[in-house]
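Student: Please walk me through how to read a protein structure, one feature at a time.

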Amino acid sequence: MLDRLEAGGWPLDLVDEILLFGSYARGALNPSDVDVVVEHRRDDRLTSEFVHALSYGRDPSASMKRALKGNSRGLQIHFGERKTLEAEGFELTPLWTRGEPVDAARARLAAITPDPAAGRAPRDHMIEAFDGIDRWVPRPVRIDLADLVDLKAATIRQLQLPDAEPAHPAALEALTRWSEASPLRRAAAAVLAHLEATSRPLDSVYLHGEPVIGSRYSDTTWQTGIGFGWSHYRSISHHLHEGTDWFEIVRPTRTQPLHTLHITAQDRSALPRL
């Protein structure tokens with residue numbers, strides 16, 4: 001990440017500060033990931049991308065994430081959360097501030113003393129459904145979903161979907177959005193097959209930003225929503241105001257287990273206001 005930051009270019013030129021926290025910053029020998037706080041500005045281009053992503057239920061920080069970590073899965077990036085984390089009592093370790101050479105950050109990184117006794121810090125905002133998969137549930141998502149459970153607005157349970165193919169022609173047509181080798185196709189096939197097995201009507205299913213049957217511009221009330229890798233997670237609360245449930249495949253892969261959270265509306269009056 002520091003090499004990328006040193007190379008610069010858009011949008012990395014907008015980054016103002018980077019801090020570390022969690023088990024890695026405390027010197028743990030086997031952290032599950034590296035928690036990084038990134039504070040940055042927005043120019044017109046990034047603001048436009050942010051608004052467009054929100055409008056379509058996508059990750060508004062996708063451009064900055066790609067620029068910072070590429071395909072690395074070891075970084076858990078928290079954007080603009082410095083004040084929130086400090087208010088909650090987290091100890092943040094400054095790594096880099098705009099105007100400093102990136103070598104200063106490398107020196108601070110090297111100065112973190114390995115501590116065999118540090119261990120992994122317990123996750124905050126945890127519920128039973130996150131057990132074993134919390135590393136793939138970003139902290140802002142954990143906060144929002146744990147709040148839904150605390151408010152009794154929704155129930156959440158963890159599933160592991162088996163590999164399967166749906167039989168309905170509309171479901172098979174929906175899968176053509178992805179190549180045969182795509183992890184998203186694998187995830188979509190598994191969840192659609194699960195819905196078929198539980199006799200869910202496909203004309204009321206909204207699959208990763210598109211309806212399985214019909215048009216997104218119709219006045220249909222979609223009862224079941226499906227998302228992959230949290231790219232549409234900001235749509236979950238909105239969906240539950242009218243729909244019944246949401247399936248989120250937290251980490252679509254080509255071969256690993258398809259861990260899924262099934263989120264079901266419980267008390268719509270307790271859902272956050274839109």
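Student: How do I read the two faces of a strand, and which residues of β3 point one way and which the other?

Tutor: Strands are DSSP runs of E, at least two residues long, and helices are runs of H or I, at least four, all numbered from the N terminus. In β3, Leu75, Ile77 and Phe79 point one way, while Gln76 and His78 point the other. All of them are buried, where buried means under 20% relative accessible area, exposed over 50% and partly exposed in between (1.4 Å probe, protein chains only). With 5 of its 5 residues buried, β3 is therefore largely enclosed by the rest of the structure.

Student: Before we go on, what kind of model is this?

Tutor: It's a predicted model, in which local features need pLDDT of at least 70 and side-chain atom pairs count only at pLDDT 80 or more, though totals for chains, interfaces and linings use all residues. Numbering starts from 1 along each chain as its sequence is written, and side-chain values use heavy atoms, with hydrogens and water left out.

Student: Okay, back to β3. In which sense does it pair with β2?

Tutor: Two strands pair if DSSP finds at least two bridges between them. Here β2 and β3 run in the parallel sense and share 5 bridges. To find the register, look for Val36, whose bridge partner in β3 is Ile77, and for Asp35, which sits opposite Gln76.

Student: What is the strand order of the sheet that β3 belongs to?

Tutor: The order is β3-β2-β1-β4, an open sheet of 4 strands with mixed pairing. At the edges you have β3 and β4 (93-97), each pairing on one side only. Ignoring direction, neighbouring strands of this sheet are turned by 25° against each other on average. For angles, axes are lines fitted to C-alpha atoms (for helices, over the stretch in contact), and the angle between N-to-C directions runs from 0 to 180 degrees. Helix α5 (residues 102-110) packs on this sheet, where it touches β1 and β4, and its direction makes about 160° with that of β4. Contact means heavy atoms within 4.5 Å.

Student: Now the sheet of 6 strands: what is its order?

Tutor: Trace β5-β10-β9-β8-β6-β7, another open sheet with mixed pairing. Its edges are β5 (154-161) and β7 (210-211); each has a single partner strand, so one side of each is left without a neighbour in the sheet. Further in, β8 (residues 224-228) and β9 (residues 245-249) run parallel, joined by 5 bridges. Phe228 is the residue opposite Ile249 in β9.

Student: Which strands does helix α8 touch?

Tutor: Helix α8 (residues 183-197) packs on the sheet against β5, β6 (205-207), β8, β9 and β10, pointing at about 155° to β8. Helix α6 (residues 139-150) lies across β5 and β10 (258-265), at about 125° to β5.

Student: What about the backbone: which peptide bond is cis?

Tutor: The bond between Trp10 and Pro11, with omega at about 0°. You'll find Pro11 in the loop between α1 (2-7) and β1 (15-21). While you're checking the backbone, look at His208 too: its phi is positive, about 50°, although it is not a glycine. His208 lies in the loop between β6 and β7 and counts as buried at 14% relative accessibility. Trp230 has a positive phi as well, about 70°, and is not a glycine either. Its loop runs between β8 and α9, and at 7% relative accessible area Trp230 is buried.

Student: Let's try a charged side chain. What does Lys69 contact beyond its neighbours within four places in sequence?

Tutor: Arg4, Leu75 and Ile77. Lys69 sits in helix α3 and is partly exposed, with a relative accessible area of 22%. Met1 is 68 residues away from Lys69 along the chain, yet their C-alpha atoms are separated by 5.5 Å.

Student: And Glu242, buried or exposed?

Tutor: Exposed, because its relative accessibility is 54%. Glu242 belongs to the loop between α9 (236-240) and β9. Leaving aside neighbours within four places in sequence, Glu242 contacts Thr221, Gln223 and Arg268. From Glu242 to Arg186 it's 56 residues in sequence and 28 Å in space, C-alpha to C-alpha.
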